[in-house]
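Open the structure in your viewer and keep the selection box handy. We will go from one stop to the next, and at each one you will read what to select and what is there.

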Amino acid sequence: MEYLKQREEEELELDEPVSPTGQYFNSSVLSISILCILESEVPIDDSLTMPLLKDVFLPINPRFSSLMVEDKNGVKQWKRVEVKLKDHINIPIFPAGLSLESYDLYFDDYISEIAMKEFPQSRPLWEIHIIKYPTSNSAGNLVFRLHHAMGDGFSLMGALLSCLQRADNPNLPITFPSFRVSSNLDSAKSIMKAVPRALTTAFNTVSDFGWGILKSTVVEDDRTPIRSGDPRVEFRPISIATISFSLDNIKKIKAKLRVTINDVLTGIIFFGTRLYMQSMDHASRNANSTALVLLNTRVISGYKSLKEMRKSDHVSSQWGNQFAFLHVSLPELVDDKFTDPLDFVAKAQQIIQRKRNSLAVYLTGRLLEAVRKYRGPEVTARFIHTTLKNSSMTISNMIGPVEQVALANHPCRGMYFMVVGPPQSLTITMVSYMGKLQIAVGTEKGFIDPRKFNACIEDAFQRLFEAALGTPPPPIS
């Protein structure tokens with residue numbers, strides 16, 4: 001009986017159904033992946049790659065050893081298979097003896113190339129790329145490419161962290177910046193306040209839900225220097241450039257303005273984006289532009305272990321895709337010389353807080369579920385594709401380790417991630433690591449100037465810091 005019970009559990013694990021979001025992200029109209037880049041402090045020794053993948057990476061989750069297949073009823077399932085690790089390992093060959101600047105270009109072209117490729121459906125949806133050539137930022141780069149159908153950034157970051165150890169002492173646990181889960185209970189102090197708040201929530205829900213439907217169907221953003229609006233933009237080459245800020249400096253702005261770190265970051269991104277738009281086309285400073293800000297829908301206080309995410313019955317702790325989009329209009333730039341940078345933080349806070357307090361995210365989720373149930377996942381995927389296509393940019397962020405981490409005794413001097421495959425010209429991601437905030441900017445190659453865009457983000461940060469604290473920010477140590 002014990003044997004039969006074990007076999008029954010194995011069968012359930014082998015035939016795990018693909019989540020609705022997983023089906024949307026691996027459909028005929030959408031193929032979304034996540035690139036996780038680890039910048040090595042030392043030259044990369046790839047001799048430990050096979051045992052690391054076999055003994056550490058694959059056991060993390062059955063999906064890393066599974067194909068997405070359809071059963072006889074047309075329902076997609078995760079089917080366990082034997083993984084041929086060599087098929088998932090890629091070690092490119094570049095010319096020898098080049099300058100760091102030349103290897104920067106080779107690395108950028110290589111990342112652009114793998115970002116455009118779709119995963120073969122005949123093997124598990126992940127791969128690893130080992131770039132053993134030095135660049136301006138590292139002695140080598142390790143790139144995990146994972147299909148978004150397997151999980152969201154929270155799940156995949158948890159998987160990646162399971163492979164890492166603290167560089168200073170592998171026996172100590174990796175720690176993360178503390179953050180507080182917001183609660184609406186503190187603010188609901190009286191019935192007199194609760195009644196108008198309920199009315200406001202109802203109005204905002206109707207407004208945000210209706211606007212979201214329009215943005216996902218017929219209303220497009222203007223064509224601007226950050227949105228080409230061209231068909232099939234997701235199949236065009238991309239460029240990824242990074243920029244770093246001190247978390248301490250970000251926290252100083254946060255404390256001075258009495259807002260959240262996310263409010264500060266969103267204000268910097270919005271202000272810098274408008275500065276770039278105006279520098280390329282003065283009229284676009286007031287163009288209709290919308291950002292999709294990704295919201296993690298888990299109620300959490302930190303990363304869960306992979307075992308906890310897989311076994312937990314509570315939806316907020318489970319592995320998978322659990323997030324939602326917030327449609328946030330970029331504040332207009334009156335004139336870069338006379339605009340107060342603090343206004344962008346205040347407006348970002350006001351808009352995002354209002355949308356968080358409406359039920360539009362919940363209703364949109366119910367709508368997608370209804371469309372999937374009655375029209376099928378392909379129709380739902382087209383709805384999401386249009387949502388992305390009609391907007392100008394996507395912004396997402398995650399927290400990373402406080403201490404330096406290492407992979408197989410390779411200390412990581414930096415890490416960042418990028419979502420690739422959405423039908424947009426601009427994607428911005430952020431992750432904290434070792435007291436710094438690393439921002440990665442993914443741009444449509446040949447359309448957006450990544451260096452100029454990053455310079456505008458830096459300018460926005462400088463001006464915001466000076467406006468908030470009255471002095472220029474100290475340099476990053």
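**Stop 1: helix α7**

Start by selecting residues 247-257, which make up helix α7. This is a predicted model, so please read every contact on this tour as a feature of that prediction.

Colour D248, A255 and K256 first: these exposed residues sit on the face of α7 turned away from its buried side. Now give a second colour to L247, N249, I250 and I253, the buried residues of the helix. Why do they end up on the same side of α7? They cover an arc of only 165° around the axis, and that places them together on one side.

What does that buried side pack against? Show β9 (238-246), α8 (261-280), β15 (426-433), β16 (436-444) and α13 (450-469), and you have its packing partners. Several of these elements come back later in the tour.

Before leaving, look at the two ends. At the N-terminal end, S246 acts as a cap, with a side-chain oxygen 3.2 Å from the backbone nitrogen of D248. Just after the helix, select R258, which takes a positive phi of about 60°.

**Stop 2: the whole protein**

Zoom out and switch to a cartoon view. You should be able to pick out 13 helices and 16 strands. Of the 477 residues, 50% count as buried. The exposed surface comes to about 23,100 Å², with carbon and sulfur atoms supplying 55% of it. If you draw contacts between residues at least 6 apart in sequence, 77% of them join residues at least 24 apart.

**Stop 3: strand β15**

Select β15, one of the partners of α7. Is this strand enclosed or open to the outside? Because 8 of its 8 residues are buried, β15 is largely enclosed by the rest of the structure.

Show the side chains next. In a regular strand, side chains alternate between the two faces of the sheet. Here L426, I428, M430 and S432 point one way, while T427, T429, V431 and Y433 point the other way.

Add the strands that pair with β15:

- Strand β12 (residues 393-398) runs parallel to β15 and is joined to it by 5 bridges; look for S396 opposite T429.
- Strand β16 pairs with β15 in the antiparallel sense over 8 bridges; look for V431 opposite Q438.

The hairpin of β15 and β16 has 2 residues between the strands, and M434 takes a positive phi near 55° there.

**Stop 4: the nonpolar cores**

In soluble globular proteins, nonpolar side chains tend to be buried together. Select M393, I439 and F453: within the largest nonpolar core, which has 44 residues, these touch the most other members. Helix α8 supplies the largest share of this core, 9 residues.

Centre the view on F453. Leaving out residues up to four places away in sequence, F453 touches I226, T273, Y276, L426, I428, V441 and I448. Two of the names there, L426 and I428, you have already met on β15.

Then select I89, F119, L161 and L164, which are among the 42 residues of a second, separate core.

**Stop 5: F344 on helix α10**

Move to helix α10 (residues 341-356) and select F344. With a relative accessible area of 2%, F344 is buried. Which residues surround it? Apart from neighbours within four places in sequence, F344 is in contact with G267, F270, F271, R274, P331, E332, L333 and T339. Try a distance label to D263 as well: the two C-alpha atoms are 9.2 Å apart, although 81 residues separate F344 and D263 along the chain.

**Stop 6: the open sheet**

Colour the 7 strands of the open sheet in their order, β5-β6-β7-β2-β14-β13-β8, and note that the pairing is mixed. The edges are β5 (89-90) and β8 (165-166); each has a single partner strand, so one side of each lacks a neighbour in the sheet.

Inside the sheet, find β13 (residues 405-407) and β14 (residues 410-420), which run antiparallel and are joined by 2 bridges. L407 stands opposite H410 in β14.

**Last stop: Q77**

Finish in strand β4 (residues 76-80) by selecting Q77. Q77 is buried, at a relative accessible area of 16%. Add D71, and you can see a polar contact of 3.4 Å between the two side chains.

Methods. Residues are numbered from 1 along each chain as its sequence is written. This is a predicted model: local features need pLDDT of at least 70, side-chain atom pairs count only at pLDDT 80 or more; totals for chains, interfaces and linings use all residues. Side-chain values use heavy atoms; hydrogens and water are left out. Buried means under 20% relative accessible area, exposed over 50%, partly exposed in between (1.4 Å probe, protein chains only). Helices (H or I, at least four residues) and strands (E, at least two) are DSSP runs, numbered from the N terminus. The arc is that of the directions from the helix axis to the C-beta atoms. Contact means heavy atoms within 4.5 Å. A polar contact is a pair of N or O atoms within 3.5 Å; within protein, one must be able to donate a hydrogen and the other to accept it, and residues adjacent in sequence count only if both atoms are side-chain atoms. Accessible areas come from the Shrake-Rupley method with a 1.4 Å probe; for residues, only the protein chains shown count as cover. A nonpolar core is a set of buried Ala, Val, Leu, Ile, Met, Phe, Trp, Tyr and Cys residues joined through side-chain atoms within 4.5 Å. Two strands pair if DSSP finds at least two bridges between them.
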